[in-house]
Amino acid sequence: MLQQLVNGLSLGSIYALLALGYTMVYGIIKLINFAHGDIYMVGAFWGYYVINQLHFNFWLALISAMLFCGLFGVLVEWLAYRPLRNSPRIAALITAIGVSFLLENGMAYLFTSNVRSFPQVMHVVRYHLGGVSISNIQLLILVVSIVLMVLLQLIVRKTKMGKAMRAVSVDPEAAQLIGINIDHTISFTFALGSALAGAAGVMIGLYYNSIDPLMGMTPGIKAFVAAVLGGIGLIPGAAIGGFVIGLLETIMQALGFSAFKDAAVYAVLIIILLIKPAGILGKKIKEKV
């Protein structure tokens with residue numbers, strides 16, 4: 001069980017990074033950005049390119065992937081979502097699904113659908129503590145993910161732009177009246193979430209040693225489940241939900257039910273929606289209609 005706990009925390013940290021992007025965007029503009037998982041895929045391919053072609057080390061590849069995906073997320077928001085901001089929500093939702101398919105098929109067209117081996121820029125070292133085996137890659141993923149989550153929380157709580165994000169999430173009209181630039185705040189939110197997805201893409205490529213254009217589909221949906229599980233719109237909830245999903249998957253594999261690990265994730269989502277629709281950390285909010 002200790003071994004599965006270690007494996008689950010490593011995998012869960014990736015889901016948590018992705019879930020944070022979902023929950024921030026939803027908290028600001030009430031949009032489920034289904035293309036978020038594909039930005040994670042773009043980050044993995046960017047890391048693959050800069051390591052192979054430009055001979056970047058892991059840290060340079062990670063930082064450059066975060067910068068590239070942050071800019072890419074802003075571009076997606078500007079081209080696809082901003083023109084529909086005052087449209088019915090269903091229009092933006094359908095657009096998000098369309099952007100997801102465009103990115104997946106566009107990458108498959110440009111780079112083929114073949115699975116590629118991610119360059120191993122770090123030598124794998126395994127540490128044995130009692131009956132638990134943990135690699136330096138797993139430790140790296142867990143530590144980097146936690147550091148990024150802490151930095152995100154500091155940005156949201158301590159910076160001027162973070163205060164603007166919180167104001168816009170509570171009341172966009174009132175925020176605009178006191179001088180907050182809504183467009184800049186939303187773009188910054190997309191940049192933050194996409195940067196975290198880019199970091200997750202590079203780390204998962206290093207962890208599994210393989211990438212492909214469809215790699216963002218399933219993790220993206222599971223990260224959305226994690227965001228809902230923890231409480232959509234809440235940053236701590238998204239992090240908790242990500243770790244819960246990661247632990248659940250690894251426990252199912254340890255019990256010999258690998259074929260049902262995805263089903264277990266969605267079953268938990270159904271149960272939590274029936275018992276506590278607002279999520280683990282969510283609270284009931286009354287709305288006038």
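**Exercise 1. Lys-222 and its partners**

Task: In this predicted model, decide whether Lys-222 is buried or exposed, and find which residues form salt bridges with Lys-222.

Solution:
- Step 1. Begin with the accessibility. Lys-222 has a relative accessible area of 4%. Buried means under 20%, so Lys-222 counts as buried.
- Step 2. Place the residue. Lys-222 sits in helix α9, which covers residues 217–230.
- Step 3. List the contacts. Setting aside neighbours within four places in sequence, Lys-222 is in contact with Tyr-15, Ile-245, Glu-249, Asp-262, Val-265 and Tyr-266.
- Step 4. Look for the first salt bridge partner. Lys-222 pairs with Glu-249, and the closest N and O atoms are 2.5 Å apart. Glu-249 belongs to helix α10 (residues 235–254) and Lys-222 to helix α9, so this pair ties together parts that are 27 residues apart in sequence. Both Lys-222 and Glu-249 are buried.
- Step 5. Now the other partner. Lys-222 also forms a salt bridge with Asp-262, again with the closest N and O atoms 2.5 Å apart. Asp-262 lies in helix α11 (residues 261–275), so here the parts tied together are 40 residues apart in sequence. At a relative accessible area of 29%, Asp-262 is partly exposed.

**Exercise 2. A network of charges**

Task: Work out which residues are joined into one network by salt bridges that share partners, and describe the pair Arg-85 and Asp-183.

Solution:
- Step 1. Start with the total: the structure holds five salt bridges.
- Step 2. Take the named pair. The side chains of Arg-85 and Asp-183 meet at 2.4 Å, N to O. Arg-85 is in the loop between α3 and α4, while Asp-183 is in helix α8, so the pair ties together parts that are 98 residues apart in sequence.
- Step 3. Check accessibility. Arg-85 is partly exposed at 28%, and Asp-183 is partly exposed at 29%.
- Step 4. Follow the shared partners. Glu-77, Arg-82, Arg-85 and Asp-183 form one network.

**Exercise 3. Two unusual phi angles**

Task: Find where Lys-30 and His-55 lie, and say what stands out about phi in Lys-30 and His-55.

Solution:
- Step 1. Recall the background: most residues other than glycine have a negative phi.
- Step 2. Turn to Lys-30. Its phi is near 55°, a positive value. Lys-30 lies in the loop between α1 (2–29) and α2 (36–53), and at 32% relative accessibility it counts as partly exposed.
- Step 3. Do likewise for His-55. Its phi is also positive, about 60°. His-55 is in the loop between α2 and α3 (58–81), and its relative accessible area of 65% makes it exposed.

**Exercise 4. A pocket and a core**

Task: Describe the lining of the second largest pocket, then say which residues have the most contacts inside the largest nonpolar core.

Solution:
- Step 1. Take the pocket's volume: about 630 Å³.
- Step 2. Look at its lining. It has 25 residues, and those closest to the centre are Ile-28, Ile-29, Lys-30, Arg-85 and Arg-89. Two of these should ring a bell: Lys-30 has the positive phi, and Arg-85 is in the salt bridge with Asp-183.
- Step 3. Sort the lining by class: 15 residues are nonpolar, four polar and six charged.
- Step 4. Move to the core, which has 83 residues. Tyr-40, Tyr-81, Leu-152 and Met-203 have the most contacts inside it. Helix α8 gives the largest share, 13 residues.
- Step 5. Zoom in on Leu-152. Not counting residues up to four places away in sequence, Leu-152 touches Leu-20, Met-24, Leu-192, Leu-196 and Ile-235.

Definitions and conventions: Residues numbered from 1 in each chain as written. Predicted model: local features only at pLDDT ≥ 70, side-chain atom pairs only at ≥ 80, totals over all residues. Heavy atoms only, no water. Helix = DSSP H or I, 4+ residues; strand = E, 2+ residues; numbered from the N terminus. Buried < 20%, exposed > 50% of the residue type's maximum accessible area, 1.4 Å probe, protein only. Contact = heavy atoms within 4.5 Å. 1 Å grid on protein atoms, 1.4 Å probe; cavity = no way out; pocket = protein on both sides within 12 Å on 5 of 7 lines; lining within 4 Å. Points joined across faces, edges and corners; volume = space filled by probe spheres on them. Nonpolar A, V, L, I, M, F, W, Y, C, P; charged D, E, K, R; others polar. Core = buried A, V, L, I, M, F, W, Y, C linked by side-chain atoms within 4.5 Å. Salt bridge = Lys/Arg side-chain N within 4 Å of Asp/Glu carboxyl O.
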